[in-house]
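Subject: Structure for you to look at

Hello,

Here is the structure I said I would pass on. Please open it beside this email and follow along.

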Amino acid sequence: MPEGPSVRKFQLLTSPFVGQVVAKVGGSSRKLSVNDLNALRLQDSQVHGKNLYLAFVAAEGPTGPTAEETVLQREAACGAHCPAQGQQGQDGIPHPYSQDEKLQEAQHSRSEAPEAAEGQGNWLRIHFGMFGSVRANEFSRASRANKRGDWKDPVPRLVLHFESGGFLVFYNCRMLWCSSPRADPASDILSVEFHRGRALRALSAPDPICYTLLDQRYFSGLGNIIKNEILYLARIHPLTPGSLLALSDLEHLLDCAIQFSSEWLHNKLCGQGLHPQVYQKEQCPLGHPLMKGTFGPTGGFKRLTWWCPQCQPAVLPGDGDPSPVTE
């Protein structure tokens, strides 16, 4: 499913439509009555972790400024040196998903996506599934034939046409109304309010480090791609218990998480694809064969993991004397 940087880009695509009135709606969503959005004004657009939130009010209501878009755009602006970019919000992953990954992503998406309404409200919570995306003023087109040999364009879950003539299209997502965004900026790795101390304490737990990194309570927006890449960048074996790592190693891993996520967002905004070093690869950049395994907590979802046994050697008890985390 789209990770934090991708959903941040989706939010930036919706921001220009804030303050505009919905003139017509469409889409295949069955859990959301799309016609309820007719004649409403898009009042706000926010992103928290892997979720996008859109606020709607009656057209005659106040428009008001958005809460985050100006700060977010300043942080994420790619500057004049970036090439022109398209409007789509898709990840530049070089290889298609395997069947195992598709199953895992579908299960993981269901585990994170809300199943029932949280109550009446004017915020639409959007959680994206595998290949979920947002497009502005264009529709997604089929890039290849399906298994039947048909060239069928993806079917949008929601299409919002605005009085200005522009439109937004949402693909492969779950939507429900809620009273307010459910968010903790201190856990969002792309937020200026991200709390390093709390993250370091979580990483120092005795659980395998690859489990902790996917815990959205501490690393909102961090997904399987980021997990694999930063563990390689930090040269840490994915099953290493966090309690066996020195504080300096944990700090370096956290720096890698923030830097990789920020650079991924920057590249997306500049129209550049992602070039993973180990995710879905057979060799690491140094030419070593990669290992692949499926790891996850007992009773939780298992995720595919790639690592280099030479660059990321296993750490055993007694290999070091980790410093306590006191932040």
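D255 is partly exposed, with a relative accessible area of 37%. In this predicted model, D255 forms a salt bridge with R196, and the closest N and O atoms are 2.9 Å apart. R196 lies in helix α4 (residues 196-203) and D255 in helix α7 (residues 247-269), so the pair ties together parts that are 59 residues apart in sequence. R196 is partly exposed too, at a relative accessible area of 30%.

In general, side chains of opposite charge can pair when their charged atoms come close. The count of salt bridges in this model comes to six, and two others are described here.

One of the six joins the side chains of R141 and D153, at 3.0 Å from N to O. Both R141 and D153 lie in the loop between β4 and β5 (158-162), so this salt bridge ties together parts that are twelve residues apart in sequence. Is each partner exposed or partly exposed? R141 has a relative accessible area of 55% and is exposed, because the cut-off for that word is over 50%. D153, at 36% relative accessibility, counts as partly exposed.

Another salt bridge is formed by D215 and R217, with their closest N and O atoms 2.7 Å apart. R217 is exposed, and its relative accessible area is 56%.

Now the sheet. What is the order of its strands? The sheet is open and has six strands, in the order β1-β5-β6-β4-β3-β2, with antiparallel pairing. At the edges are β1 (22-26) and β2 (40-48), each of which pairs on one side only. From one strand to the next, the twist averages 40°.

In general, the strands of a sheet pair through backbone hydrogen bonds, either parallel or antiparallel. For a pair to look at, take β2 and β3 (residues 51-58): they run antiparallel and are joined by eight bridges. Within β3, L52 stands opposite V47.

Which helix packs on the sheet? Helix α1 (residues 4-14) does, and it touches β2, β3, β4 (123-136) and β6 (167-178). The direction of helix α1 makes about 115° with that of β4.

When you go through the model, you could begin with R196 and D255, which form a salt bridge, and then turn to helix α1, which packs on the sheet.

Regards

Technical notes. Residues numbered from 1 in each chain as written. Predicted model: local features only at pLDDT ≥ 70, side-chain atom pairs only at ≥ 80, totals over all residues. Heavy atoms only, no water. Pairing = 2+ DSSP bridges. Helix = DSSP H or I, 4+ residues; strand = E, 2+ residues; numbered from the N terminus. Axes fitted to C-alpha atoms, helices over the stretch in contact; angles between N-to-C directions. Contact = heavy atoms within 4.5 Å. Salt bridge = Lys/Arg side-chain N within 4 Å of Asp/Glu carboxyl O. Buried < 20%, exposed > 50% of the residue type's maximum accessible area, 1.4 Å probe, protein only.
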